[in-house]
Amino acid sequence: MPKPVLLSVDDDRDVLRAIERDLRSQYGADYRVIGSDSPEAALDLLKQLKLRNDSVALMLADQRMPNMDGVGFLQEAMRIFPEAKRALLTAYADTSAAISAINEASINYFFLKPWDPPTEHLYPPLDDLLDDWKATYHPAFQGIRVLGTRWSRKSYELRDFLARNRVPYQWIDIETSANDPETKRLMEALGPELHNLPVVLFPDGTKLFESAPSEVAQKVGLRTRAQTSFYDLAIVGGGPAGLAAAVYGASEGLKTVIIEKEAPGGQAGMSSRIENYLGFPSGLSGGELARRAVVQAQRFGVEILSPQEVVSVRTEGPYRILKMADGEEISCHALMVATGVQWRRLGAPGIDRLQGSGVYYGGGTTEALSCKGEIVYVVGGANSAGQAAMNFSKYADRVVMLLRGDSLSATMSQYLIDQIKATPNIQLWSHASIAEVHGDTHLEEISVLCSDTKKVERVPASSIFIFIGAEPRTDWLDGIVERDDRGFVLTGPDLLRNGEHPKGWGLERDPFLLETNVPGIFAVGDVRHGSVKRVASGVGEGSVAVQFIHQYLSKV
Ligand SMILES: Cc1cc2nc3c(=O)[nH]c(=O)nc-3n(C[C@H](O)[C@H](O)[C@H](O)COP(=O)(O)OP(=O)(O)OC[C@H]3O[C@@H](n4cnc5c(N)ncnc54)[C@H](O)[C@@H]3O)c2cc1C
């Protein structure tokens with residue numbers, strides 16, 4: 001943590017050097033001593049310190065300076081750092097001005113020049129002032145701060161990205177905390193730049209405006225570029241299946257890379273509580289599972305590129321070559337497709353426009369706290385919707401689940417149905433689907449079509465979370481890897497038609513169990529045709545596939 005600052009301001013450079021020297025020799029071990037020879041420059045400096053969330057313990061200013069006197073400076077400086085102690089340096093002739101400044105301008109002390117010996121005239125009163133300051137000092141948050149508004153899509157995407165990548169940050173909603181004095185001071189220090197939201201402030205003083213996740217990723221040290229151009233095994237998708245394959249592959253000596261377009265953890269990372277994964281009797285959050293898996297993979301030397309998207313694949317002899325969204329290419333001998341499924345979009349008017357501003361797809365773990373005391377609508381009746389409803393019920397006043405059918409029994413596991421039944425603030429609205437969503441800058445109302453009465457009801461709403469199933473996005477495999485008519489990748493026996501190998505196969509043997517129609521390209525987890533859509537089965541497939549990869553590599 002950076003040391004708190006002692007700032008001295010004097011236009012006379014000799015005096016400035018002398019005061020800096022004395023402050024440093026007595027307090028340098030615990031404080032950073034900074035000097036400035038102009039009050040204007042010192043005010044700019046204070047603004048920079050505010051943006052970095054640094055602390056200022058003391059501001060010491062000479063009274064007689066051109067353009068702005070010491071009292072004027074301290075009054076301005078106090079608006080930026082009100083908790084810092086303020087002292088004047090004065091000549092004997094200015095004593096009465098200094099005394100009235102103490103009364104009128106909340107100056108804490110004045111020192112007469114010269115202050116020799118400092119052990120007598122400077123340090124004892126300064127010790128008192130600094131002791132006083134320390135008594136009320138709370139060290140400032142030292143991580144990344146994100147300023148934005150709750151209803152901004154960009155702010156939401158950025159927060160979601162940071163949360164899913166487990167980058168700690170402090171969220172400052174400039175609307176809801178507009179009356180908080182510290183937020184006001186921060187906003188003033190940003191000045192006109194505040195309009196370019198979301199703003200990300202880093203502890204080193206760097207600011208990013210209208211920041212996109214990829215920019216922030218670079219800055220927080222997430223790796224998006226490969227270290228080398230060739231790998232034994234490249235895995236596209238960092239969900240449970242991809243992570244499991246990486247752990248087994250790397251632990252068995254394969255040089256392995258994972259390319260993940262959002263955040264390691266995949267869909268599972270969005271789950272607020274997974275209760276059916278073996279070995280965790282009281283459940284664990286998807287975020288925690290992802291965190292553990294990432295650490296485990298990294299321990300074995302797996303390189304994780306995230307956020308980075310694979311946009312196409314091609315083959316050249318034994319090489320499988322992947323192209324990334326930024327144009328970079330990497331090649332590998334064995335390729336694993338573990339891209340899972342993504343949320344199906346809801347096609348009601350207004351949904352796309354208000355996405356991220358009250359309309360959300362998926363877990364919404366980032367948003368749960370913001371829904372405190374509100375009514376939250378959850379669309380869908382499968383396990384993922386049930387988990388989300390349970391999570392929101394801890395914060396929201398009421399959670400309403402909109403179900404197309406008449407009950408949860410056909411779509412949800414019994415353990416979740418039981419939990420929902422036992423939670424008084426979760427309410428089921430059956431035969432209901434979203435017909436339209438309304439709102440100018442953010443969601444304000446929803447129109448719900450009730451299929452039993454054929455009526456449309458319009459109700460106030462500030463947040464809806466949509467869980468209406470998912471589909472694979474596998475267009476990037478076009479022309480190379482065979483898929484079924486819904487886009488799920490075909491593997492192993494599913495590729496054999498009348499006992500015939502797939503077109504262009506060219507090998508004597510049949511495709512391995514999890515191998516696609518291209519030798520050396522495998523598919524595991526939810527993206528695979530016929531897969532069981534569960535964390536454990538994805539992990540199982542990812543682990544098993546590595547055995548086939550070894551067999552494949554032994555013949556390349
Ligand atoms: C909210 C929720 C709760 C759930 N709860 C449970 C539960 O309690 N128990 C259970 O067993 N299962 C649960 N599931 C299901 C489970 O999470 C999935 O079955 C599992 O995550 C599938 O793993 P996967 O690795 O195959 O794919 P995914 O988890 O979908 O991961 C695929 C990854 O690939 C990435 N990707 C996609 N395309 C590209 C590309 N072109 N380039 C780079 N990366 C790409 C995606 O960003 C994603 O991170 C839940 C799912 C959800 C959404």
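In this predicted model, 33 residues surround the ligand, and the closest are Glu260, Gln267, Asn276, Gln387 and Asp526. By class, this shell has 13 nonpolar, 14 polar and six charged residues.

Three of the distances between ligand atoms and polar protein atoms are set out below.

| Residue | Protein atom | Ligand atom | Distance |
|---|---|---|---|
| Glu260 | polar side-chain atom | oxygen | 2.7 Å |
| Ala241 | polar backbone atom | oxygen | 2.9 Å |
| Val310 | backbone N or O atom | nitrogen | 3.1 Å |

Taken alone, the ligand exposes 1000 Å², and the protein buries 96% of that area. The elements that give two or more residues to the shell around the ligand are α10 (240-251), β16 (342-343) and α12 (383-393).

The structure also holds one cavity of 30 Å³ or more. The volume of the largest cavity is about 40 Å³. Its lining is made up of Met1, Pro2, Lys3, Pro4, Asn53, Asp54, Ser55, Tyr137 and Gln142. Sorted by class, the lining has four nonpolar, three polar and two charged residues.

Next come the strands. Strands of a sheet pair through backbone hydrogen bonds, either parallel or antiparallel. One open sheet has four strands in the order β7-β6-β8-β9, and its pairing is mixed. Its edge strands are β7 (169-173) and β9 (207-208), each of which pairs on one side only. Strand β8 (residues 199-201) pairs with β9 in the antiparallel sense over two bridges. Val200 stands opposite Leu208 in β9.

Further along the chain, strand β21 (residues 432-438) pairs with strand β22 (residues 445-450) in the antiparallel sense, over six bridges. These two strands form a hairpin with six residues between them. In its turn, Gly439 has a positive phi of about 155 degrees. Glu436 has Ser447 in β22 as its bridge partner.

Strand β22 is also joined by six bridges to strand β23 (residues 455-460), and these two run antiparallel. Here Ser447 has Arg458 in β23 as its bridge partner. Ser447 is thus a bridge partner of Glu436 and of Arg458. β22 and β23 form a hairpin with four residues between them. Lys454, in the turn of that hairpin, has a positive phi of about 65 degrees.

Conventions. Residues are numbered from 1 along each chain as its sequence is written. This is a predicted model: local features need pLDDT of at least 70, side-chain atom pairs count only at pLDDT 80 or more; totals for chains, interfaces and linings use all residues. Side-chain values use heavy atoms; hydrogens and water are left out. A residue is near a molecule or strand if one of its heavy atoms lies within 4 Å of it. A polar contact is a pair of N or O atoms within 3.5 Å; within protein, one must be able to donate a hydrogen and the other to accept it, and residues adjacent in sequence count only if both atoms are side-chain atoms. Accessible areas come from the Shrake-Rupley method with a 1.4 Å probe; for residues, only the protein chains shown count as cover. Ala, Val, Leu, Ile, Met, Phe, Trp, Tyr, Cys and Pro count as nonpolar, Asp, Glu, Lys and Arg as charged, and the others, Gly among them, as polar. On a 1 Å grid over the protein atoms alone, a cavity is a set of points where a 1.4 Å probe fits but cannot get out, and a pocket is an open set with protein on both sides within 12 Å along at least five of seven lines; lining residues have an atom within 4 Å of a point. Grid points are joined across faces, edges and corners, and a volume is the space filled by probe spheres set on the points. Two strands pair if DSSP finds at least two bridges between them.
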